[in-house]
Amino acid sequence: MTDLFRVGVIANTHGIRGEVKVFPTTGEPERYNYLKEVILDTGKEKKVLEVASARFFKKLVIVKFKGIDNINDIEQYKGCELFVTRENAIPLKEGECYIADMEGMEVITDDGVHFGVLKEVMETGANLVFVVIHDGKEVLLPDIPECVREVNLETMQVTVHIMKGLLD
């Protein structure tokens, strides 16, 4: 189980006053309106940054961090990921789970046969896609009712129906 959840990636700078364009990787980009702090992963270290303001522009969020008032202070972080702690994550509704907690789950078929291990959950525009390691290869399974039958957090298993053509 992870303690950090990715909420965005710094896509570029915006203007000369230290603002950045962030590509949100959260299911609820509106959360930037009330987000107080994020953790910037530079690849070498993690830095806590306090959010001063956020506004939306097309599919991006323009974010200003406290104490960063110059383009030169933020430019080096282009491409870096932004995270929040589990405590600052969006609260779950009943029956929901965090995507990050699903990684590593056993994947079984609706016949009860071991199929593989859930490596990653990709977010696409239409639906989630489960990347499953099956016989040493990656298999992509769409998170649609016809394919993903159940996600059981207690048993840490995902039950799937292998639709015709998915393994070809």
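This report describes the fold of one chain, its two sheets, its charged and aromatic contacts, and one patch on its surface.

The model is predicted, so that local features need pLDDT of at least 70 and side-chain atom pairs count only at pLDDT 80 or more, while totals for chains, interfaces and linings use all residues. Residues are numbered from 1 along each chain as its sequence is written, and side-chain values use heavy atoms, with hydrogens and water left out.

## Overall layout

The chain has two helices and 12 strands, where helices (H or I, at least four residues) and strands (E, at least two) are DSSP runs numbered from the N terminus. Read from the N terminus, the elements follow the order β-β-β-β-β-α-β-α-β-β-β-β-β-β. The C-alpha trace spans about 60 × 35 × 30 Å along its principal axes. Of the 168 residues, 37% count as buried; buried means under 20% relative accessible area, exposed means over 50%, and partly exposed lies in between, with a 1.4 Å probe and protein chains only.

## The closed barrel

Six strands form a closed barrel in the order β1-β2-β5-β4-β3-β6, with antiparallel pairing; two strands pair if DSSP finds at least two bridges between them. Neighbouring strands of this barrel are turned by 50° against each other on average, direction ignored, the axes being lines fitted to C-alpha atoms (for helices over the stretch in contact) and the angles running from 0 to 180 degrees between N-to-C directions. Within the barrel, strand β2 (residues 19-24) and strand β5 (residues 60-65) run antiparallel and are joined by three bridges, and Lys21 stands opposite Ile62 in β5.

## The open sheet

A second group of six strands forms an open sheet, ordered β10-β9-β8-β7-β12-β11, in which the pairing is mixed. Its edge strands are β10 (137-142) and β11 (148-152), each of which pairs on one side only, and the twist averages 35° from one strand to the next.

Strand β7 (residues 106-109) runs antiparallel to strand β8 (residues 114-123), with three bridges between them, and Val107 stands opposite Gly116 in β8. The hairpin of β7 and β8 has four residues between the strands, and Gly112 there takes a positive phi near 85°. On to strand β9 (residues 128-134), β8 makes six bridges, again in an antiparallel arrangement; Val117 stands opposite Ile133 in β9, and a hairpin of four residues joins β8 to β9.

## Salt bridges

The structure holds eight salt bridges, a salt bridge being a side-chain nitrogen of Lys or Arg within 4 Å of a carboxyl oxygen of Asp or Glu. Among them are the following.

| Pair | N to O distance |
|---|---|
| Arg86 and Asp3 | 3.9 Å |
| Glu81 and Arg6 | 2.9 Å |
| Asp101 and Arg86 | 2.8 Å |

Arg86 lies in the loop between β6 and α2 and Asp3 in the segment before β1, so their salt bridge ties together parts that are 83 residues apart in sequence. Asp101 in helix α2 and Arg86 in the loop between β6 and α2 are 15 residues apart. Salt bridges that share partners join Asp3, Arg86 and Asp101 into one network, in which Asp3 is exposed, with a relative accessible area of 53%, whereas Asp101 is buried at 13%.

Glu81 in strand β6 and Arg6 in strand β1 are 75 residues apart in sequence, so their salt bridge also ties together separate parts of the chain. Glu81 is partly exposed at 27% relative accessibility, and Arg6 is partly exposed at 39%.

## The aromatic pair

There is one aromatic pair, counted by the rule that rings of Phe, Tyr and Trp (its six-membered ring) pair if their centres lie within 6.5 Å, with planes under 30 degrees apart counting as stacked, over 60 as edge-to-face and the rest as tilted. The ring centres of Phe5 and Tyr98 are 4.5 Å apart and their planes stand at 35°, so the pair is tilted. Phe5 belongs to strand β1 (residues 4-14) and Tyr98 to the loop between β6 (81-85) and α2 (99-102), 93 residues apart. Phe5 is buried, with a relative accessible area of 10%, and Tyr98 is buried at 16%.

## A nonpolar surface patch

Val151, Leu153 and Met156 form a nonpolar patch on the surface, with about 210 Å² of accessible area together. Patches are made of residues with over 30% relative accessible area and no salt bridge, like charges being joined within 9 Å and nonpolar side chains (Val, Leu, Ile, Met, Phe, Trp, Tyr) within 5 Å; accessible areas come from the Shrake-Rupley method with a 1.4 Å probe, and for residues only the protein chains shown count as cover. Met156 sits in the loop between β11 and β12 (157-160) and is partly exposed, with a relative accessible area of 36%.
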